[in-house]
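This report describes a protein model for a reader who is new to structural description. It begins with the pairing of strands and then turns to helices, loops and the surface.

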Amino acid sequence: MTTRGRKDVGRPARTRPSLLGTAAGVGGAGDEVRPATREETFPVAMGALVLGIFSLLMCLRRDYLLLYGDAVAHLGIARRIVDSRNPGLVQLGGVWLPLPHLLMVPFVQNMEWWRNGLAGAWPSLVFYILGVAGIYRLARRMMVPRWAFAAAAFYALNPNLLYLSTTAMTEPLFLAIVIWMVLLTMECGAAIRAAETALVQRRLIFIALLIVAAVFTRYDGWVLGAAVWCVLTWQLWQRREVWREVSTAFVVFTLLAVAGPVSWFAYNQHFFHDWLDFMRGPYSAAAIDKRTTPPGAGHYRGWHNPAWALVLYTRTSQVDAAAWELGFGVMAAAIAGLVLAVRRRIALSALLLWLPLPFYVYSVAYGSVPIFIPQLWPHSYYNSRYGMEMLPALAVFGFLAVAWGEQWLRGRQPLAGRLLRPVVLLLIVLNTIAMMYRVPLVLKEAQVNSVTRVAFEKALAQIIEGLPPGSPILMYNSNFVGALQDAGIPLRQTVNEEDRDSWQAALKAPAQHAAFVIAIAGDAVSKAVEEHPEGLTEMTILCTTGQPCARVYQSTEFGSAPGAHP
């Protein structure tokens, strides 16, 4: 070995400040970029637990848990798996993916938790905590502890996410799955490069299970799972000696990744006689868009327009993440962090967090998935929660850019560099306060769109509660199952569309198959009553603003009909 000259001998080597490895010039050993320890993660998880419990208590007190009609429907699906005339997996339905409902089953059997929404809140709270812990661990592999904590705080204190963590909506679950899948992909990639075959094998199996969970939670999970498989396959291809050592685990990994979509195709084919029923059936996004579009009205803005879909989705994610117009700054910081990560090759697997962007741009443009926010025409509320899928990317890459900015400042303005962290933490808190002051977008959508539905369901629930206990009721449940939920009526007490054989028979002779019939204008029961009114006596009519009228009938024939069982 040679040296450049005696003047260099004995001098410590100069190190360049970096976001990877020890951040020289930023601090001591505590500023090292490395995987987070359990001891490091535990306080973050405990903080998330406190935030989640506080949010749950506040939302429960204000009756926010069941504002979303989708939350009521998710709970209804979970309930009917164990409480229906034909219980079992057939009750999962064919469009919404099954994992969220299966996770609620242990809780939804408690009648009171089903009625007040807590049955959906408990799983969401657990996955909110897991998501916060995961985002800290993921960020910790890319930046020093103080900025990893800031990224986790930005994620955890998001009021929209805190609200969703108290509901039966799928976002907290899916975000936690995404975060941990990307984190384990990063860890697996590092193990592949280090030729740690035992660790690679374990990570491949864990990632495969997360892919199955993602596939059974949301359809964007299908795209993410495929992308993760491609990333890890490419990395193993580059290190073929490692691939040979983990070939068995890789085969299991691949089979599990494929098993999720294939099993869902098989489920749809078996129960609904169309393996693509979730895409083209009566409850698919395309069918719903067709039914809800007024005759002669044009398509929603963004339909077959990827450029507008991009503007719409990025603006939605900004408003979901930050108050007022601060979202533009958050998005700009995240894009800067993205550029920085690509140029410096910082944890490139973390780029998977950006996959929701192309997925939802395509879904809005070509998948019959409209998004409406008040900031853009037509200035209304619909599907604003889809922007939440970008929150992990905005948190991690935004603070990657801030961490680089701190290093840049400390080399030029040391005082500004030292003040940057407390200023940023203060801004995170102020952003949360400002979003709560103006009502977070996702909560506001739930409030606006639930006004007429909640009033109708509560009024209908009061009528149902007045019926003789245990009386069989013929009712189409899909649209207003919340009325039965509010009244505390077991679903097996109703003849409804989920038991197809008894349902079809009841529609042909309503008076012979139920003691009471609830017909809501425009539904299948209403049409059946018009065609077969024999033996039915109208008891009451319920009409509320913005909802179809409901008519309640009493049967004079039920109990005397062959095969009837009161």
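Two strands are said to pair if DSSP finds at least two bridges between them. In general, strands of a sheet pair through backbone hydrogen bonds, either parallel or antiparallel. The model discussed here is predicted.

**The sheet**

Strand β3 (residues 516-520) and strand β5 (residues 550-555) run antiparallel and are joined by five bridges. Within this pair, Val-517 stands opposite Tyr-553 of β5, and Ala-519 stands opposite Arg-551 of β5. Strand β5 is also joined to strand β4 (residues 536-542), by six bridges, and these two strands likewise run antiparallel. Here Thr-537 has Gln-554 of β5 as its bridge partner.

These strands belong to an open sheet of five strands, arranged in the order β2-β1-β3-β5-β4 with mixed pairing. Strands β2 (494-495) and β4 stand at the edges and have a single partner strand each, so one side of each lacks a neighbour in the sheet. Helix α21 (residues 477-487) packs on the sheet, where it touches β1 (473-475), β2 and β3. The direction of α21 makes about 135° with that of β1. A further helix, α24 (residues 524-531), lies across β1, β3, β4 and β5 and runs at about 110° to β3.

The loop between β3 and α24 contains Gly-522. Is this glycine, Gly-522, buried or exposed? Gly-522 counts as exposed because its relative accessibility is 59%, and the cut-off for exposed is over 50%. Gly-522 and Ala-550 are 28 residues apart in sequence, and their C-alpha atoms are 9.8 Å apart in space.

**Helix α17 and the loops on either side**

Helix α17 spans residues 356-366, and its buried residues are Pro-356, Phe-359, Tyr-360, Val-361, Ser-363, Val-364 and Ala-365. These buried residues pack against α10 (220-238) and α15 (306-321). Just after α17, Ser-368 takes a positive phi of about 60°.

Ser-349 lies in the loop between α16 (326-344) and α17. Because its relative accessibility is 10%, Ser-349 counts as buried. Which residues does Ser-349 contact, leaving aside its neighbours within four places in sequence? They are Val-182, Thr-185, Met-186, Val-231 and Gln-235.

In the loop between α17 and α18 (391-410) lies Pro-378. A cis peptide bond joins Trp-377 to Pro-378, with omega of about 10°.

**Positive phi values in two loops**

Two residues other than glycine with a positive phi are set out below.

| Residue | Phi | Loop | Relative accessible area |
|---|---|---|---|
| Asp-63 | near 60° | between α1 (38-61) and α2 (69-82) | 62%, exposed |
| Val-439 | near 70° | between α19 and α20 (441-465) | 29%, partly exposed |

**A nonpolar surface patch**

A nonpolar patch of about 730 Å² lies on the surface. Which residues make this nonpolar surface patch? The patch is made by Leu-415, Leu-419, Val-423, Leu-426, Leu-427, Val-429, Leu-430 and Ile-433. One of these, Val-429, is found in helix α19 (residues 414-437). With a relative accessible area of 41%, Val-429 is partly exposed.

Key. Residues are numbered from 1 along each chain as its sequence is written. This is a predicted model: local features need pLDDT of at least 70, side-chain atom pairs count only at pLDDT 80 or more; totals for chains, interfaces and linings use all residues. Side-chain values use heavy atoms; hydrogens and water are left out. Patches are made of residues with over 30% relative accessible area and no salt bridge: like charges are joined within 9 Å, nonpolar side chains (Val, Leu, Ile, Met, Phe, Trp, Tyr) within 5 Å. Accessible areas come from the Shrake-Rupley method with a 1.4 Å probe; for residues, only the protein chains shown count as cover. A salt bridge is a side-chain nitrogen of Lys or Arg within 4 Å of a carboxyl oxygen of Asp or Glu. Helices (H or I, at least four residues) and strands (E, at least two) are DSSP runs, numbered from the N terminus. Buried means under 20% relative accessible area, exposed over 50%, partly exposed in between (1.4 Å probe, protein chains only). Contact means heavy atoms within 4.5 Å. Axes are lines fitted to C-alpha atoms, for helices over the stretch in contact, and angles run from 0 to 180 degrees between N-to-C directions.
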